[in-house]
Amino acid sequence: MRAVTFHEHGGTEKLIYEEVPSPQVGPEEILIRVKACALNHLDIWLRQGIPSYKIALPHISGCDVSGVIEKVGATYMGHLTPGQAVFVMPGLSCGNCDECLAGKDNCCASYQILGAQRNGGYAEYVNVPASNVFPLPANLTFEQGAAFPLVSVTAWHMVKTLGDVQPGETVLVMGGGSGIGCMAIQMANLLRARVITTVGFADKVEKAKKLGADEVLNHSEENIVERIAALTQGRGVNIVIEHIGQKVWENCLRSLGRGGRLVTCGATSGQIASFDVRYLYSRQLTIFGSYMGTRDEFVEIARLAESNKLRCIIDSTYPLEDARTAQERMLDRKNFGKIVLTIGTSET
């Protein structure tokens, strides 16, 4: 099969479009003929090399996959059949430990992410555990199906489960043009909150408003803390949803009102953040660390997408062989929504 791999860590020039062996299908696995695979920042970090992820080289990235079932494992007895259009829950857990049995599978000690600890969807075929494969909602294209899983389950875990957004509260979503941001705006709006978001380019302002943001701030031109104070009559926001890390950390904390909650899931601008602890306790703030989401949450948001209550926002698509160009667009931060690689035809 053809795939995009990297044999050593480094820049986008390390990505190679080449012929590789097709994956073998385990007894309880499903082989998917990939139709689309969305990009995530994790793809870039893995290519660059990060100590927290020990991966074998050469490696195939790609967490978010949609496609058609090519083959099912020998002992699989479920309802999924060859030829069926599907998408994949990217978080892989054991299913048997105390955390998994309690419905907290994203806390599983053996938790992995497709395209990270095992080869992913930058390829014509990928094999995944059958328990992670779900029918693709009929109203979603393959491209939309690939744009949906990781950012949606992550954003729902942040906004609904940890952030516990309530009607009438004010939510600040950092980086509204990102995959997480696009989903968090919609989810907070769905929960009847007032939504403020930030973008870095003027052409993203109207796009964010169309998603449901009540106010859009351009962080390259405005002082975020001052603008938040003005928009909330000095009270600050109730919740901040952020995935940027070091560069925005102080602004996030200072934008919160008393009793506010900060939910963070990433560090795209740097992993070291510092703050005055006195500000944390005197204002009775709460900080949540968030990592992916659970299977139950994935099922819940898939239903929201199927009923058109959540939109899969696609910035651009590229053929698999142009993965370098696709990653460079993400690095340039020009995208609004997900960047998607397409493999072959998008027809079933």
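## Exercises on a predicted model

A229 counts as partly exposed because its relative accessibility is 34% (buried is under 20% relative accessible area, exposed over 50%, partly exposed in between; 1.4 Å probe, protein chains only). The model is predicted: local features need pLDDT of at least 70, side-chain atom pairs count only at pLDDT 80 or more, and totals for chains, interfaces and linings use all residues. Residues are numbered from 1 along each chain as its sequence is written, and side-chain values use heavy atoms, with hydrogens and water left out.

**Exercise 1.** Place A229 in its helix and find what that helix packs on.

*Solution.*
- Start with the element. A229 is found in helix α7, residues 224-231 (helices are DSSP runs of H or I with at least four residues, strands runs of E with at least two, numbered from the N terminus).
- Next, the sheet. Its 6 strands form an open sheet with parallel pairing, in the order β12-β11-β10-β13-β14-β15 (two strands pair if DSSP finds at least two bridges between them).
- Its edges are β12 (215-218) and β15 (286-289), each pairing on one side only.
- Neighbouring strands are turned by 20° against each other on average, direction ignored (axes are lines fitted to C-alpha atoms, for helices over the stretch in contact; angles run from 0 to 180 degrees between N-to-C directions).
- Now the packing. Helix α7 touches β10 (170-173), β11 (194-199), β12 and β13 (237-242) of the sheet (contact means heavy atoms within 4.5 Å). The direction of α7 makes about 160° with that of β12.

**Exercise 2.** Describe the setting of T264.

*Solution.*
- T264 lies in strand β14, residues 256-264.
- Strand β14 runs parallel to β15, and 4 bridges join them. L262 stands opposite I287 in β15.
- T264 counts as buried, because its relative accessibility is 14%.
- Leaving out residues up to four places away in sequence, T264 touches M158, E242, W249, F288, G289 and S290.
- With E242 there is also a side-chain to side-chain polar contact at 2.6 Å (a pair of N or O atoms within 3.5 Å; within protein, one must be able to donate a hydrogen and the other to accept it, and residues adjacent in sequence count only if both atoms are side-chain atoms).

**Exercise 3.** Identify the nonpolar cores.

*Solution.*
- The largest has 97 residues (a nonpolar core is a set of buried Ala, Val, Leu, Ile, Met, Phe, Trp, Tyr and Cys residues joined through side-chain atoms within 4.5 Å).
- I32, I113, Y122 and I241 have the most contacts inside it.
- Helix α4 (residues 149-162) supplies the largest share of this core, 8 residues.
- Apart from it lies another core, of 17 residues, including I224 and W249.
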